[in-house]
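Welcome! Here is a short tour for someone meeting this structure for the first time. Take a look at the model, then read on.

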Amino acid sequence: MRYARESVRKTTAAVNRKAVQNAPGGQYSTGALKQSIKWSMKTVGFSSVGTSGSDLPYAIFVERGAEDHEILARNAPNLRFFWRKRGVWFRGPRVSHPGQAAQNFLTDALSTVAPRYGYKVIIYS
């Protein structure tokens, strides 16, 4: 049992390190997504479970992608933000977001790292 628990701990920590490495970042990133990726482990009886992920509300949309959609102002009459792509300040009641492709930083980390520790990974879409 101790070996299994230690194996889950090592694997989860390694998956987490790879997920942080894989998470998008760069010139315009605040680094919040990378910093939010944490891991934990829970053992109950003979069962050990490791988890790795982010609790940021937008992390799932980075991982799985997002369809194009409209963003509406809710707490003020207008949205206001600097539109880096165009180099201008935007101000208006709505904006059409073009969506974004999936950047599977967590799934890829699990698929790459867990088999090295002897675990079989099955991804259900």
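## A first look at the pockets and the core

Strand β4 gives the lining of the largest pocket its largest share, 4 residues. Please keep in mind that this is a predicted model. The notes below go from the two largest pockets to the nonpolar core, then to helix α1 and a handful of single residues.

**The largest pocket**

- The space in the largest pocket comes to about 1200 Å³.
- Its lining is made up of 32 residues, and I71, R84, H97, G99 and Q100 are the ones nearest the centre.
- At least two lining residues come from each of α2 (32-36), α3 (59-64), β3 (69-72), β4 (79-83) and β6 (94-97).
- Sorted by class, this lining holds 16 nonpolar, 12 polar and 4 charged residues.

**The second largest pocket**

- The second largest pocket holds about 320 Å³ of space.
- Here 14 residues form the lining, with T12, V15, G50, T51 and L110 nearest the centre.
- Three elements, α1 (2-22), β2 (47-53) and α4 (105-113), each give at least two residues to this lining.
- The lining of the second largest pocket has 8 nonpolar residues, 5 polar ones and 1 charged.

**The nonpolar core**

- Which residues make up the largest nonpolar core? There are 11 of them: A14, V15, A19, A23, L33, I37, A59, V62, F105, A109 and V113.
- Helices α1, α3 and α4 each bring at least two residues to this core.
- One core member, A14, touches V113 and Y117 when neighbours within four places in sequence are set aside.
- Another core member, A59, has its place in helix α3.
- Is A59 buried or exposed? A59 has a relative accessible area of 6%, which is under the 20% cut-off, so A59 counts as buried.
- Beyond its neighbours within four places in sequence, A59 is in contact with L33, S54 and F105.
- A59 and L33 are 26 residues apart along the chain, and their C-alpha atoms are 7.0 Å apart.

**Helix α1**

- How far apart are the end C-alpha atoms of α1? They are 30 Å apart, and this agrees with the 30 Å expected for 21 residues at 1.5 Å a residue.
- The buried residues of this helix are S7, V8, T11, T12, A13, A14, V15, N16 and A19.
- Among the elements that cover these buried residues are β1 (38-44), β2 and α4.
- N16 is part of helix α1, and with a relative accessible area of 7% it is buried.
- Apart from its neighbours within four places in sequence, N16 makes contact with I37, K38, W39, S52 and G53.

**Residues that are exposed or partly exposed**

- K42 sits in strand β1 and is exposed, as its relative accessible area is 59%.
- The contacts of K42, leaving out neighbours within four places in sequence, are with S47, S48 and V49.
- Between the C-alpha atoms of K42 and V8 there are 9.7 Å, although the two residues are 34 places apart along the chain.
- R116 is found in the segment after α4. Its relative accessibility of 62% makes R116 exposed.
- From R116 to T11 the C-alpha distance is 8.7 Å, while the separation in sequence is 105 residues.
- Where does F81 lie? F81 belongs to strand β4, the element with the largest share of the lining of the largest pocket.
- At 29%, the relative accessibility of F81 places it in the partly exposed class, which runs from 20% to 50%.
- F81 is in contact with V88, W89, F90 and V95, not counting neighbours within four places in sequence.
- E70 is 11 residues from F81 along the chain, and their C-alpha atoms are separated by 15 Å.

Key:
Residues are numbered from 1 along each chain as its sequence is written. This is a predicted model: local features need pLDDT of at least 70, side-chain atom pairs count only at pLDDT 80 or more; totals for chains, interfaces and linings use all residues. Side-chain values use heavy atoms; hydrogens and water are left out. On a 1 Å grid over the protein atoms alone, a cavity is a set of points where a 1.4 Å probe fits but cannot get out, and a pocket is an open set with protein on both sides within 12 Å along at least five of seven lines; lining residues have an atom within 4 Å of a point. Grid points are joined across faces, edges and corners, and a volume is the space filled by probe spheres set on the points. Ala, Val, Leu, Ile, Met, Phe, Trp, Tyr, Cys and Pro count as nonpolar, Asp, Glu, Lys and Arg as charged, and the others, Gly among them, as polar. A nonpolar core is a set of buried Ala, Val, Leu, Ile, Met, Phe, Trp, Tyr and Cys residues joined through side-chain atoms within 4.5 Å. Buried means under 20% relative accessible area, exposed over 50%, partly exposed in between (1.4 Å probe, protein chains only). Contact means heavy atoms within 4.5 Å. The expected span of a helix is 1.5 Å times one less than its number of residues.
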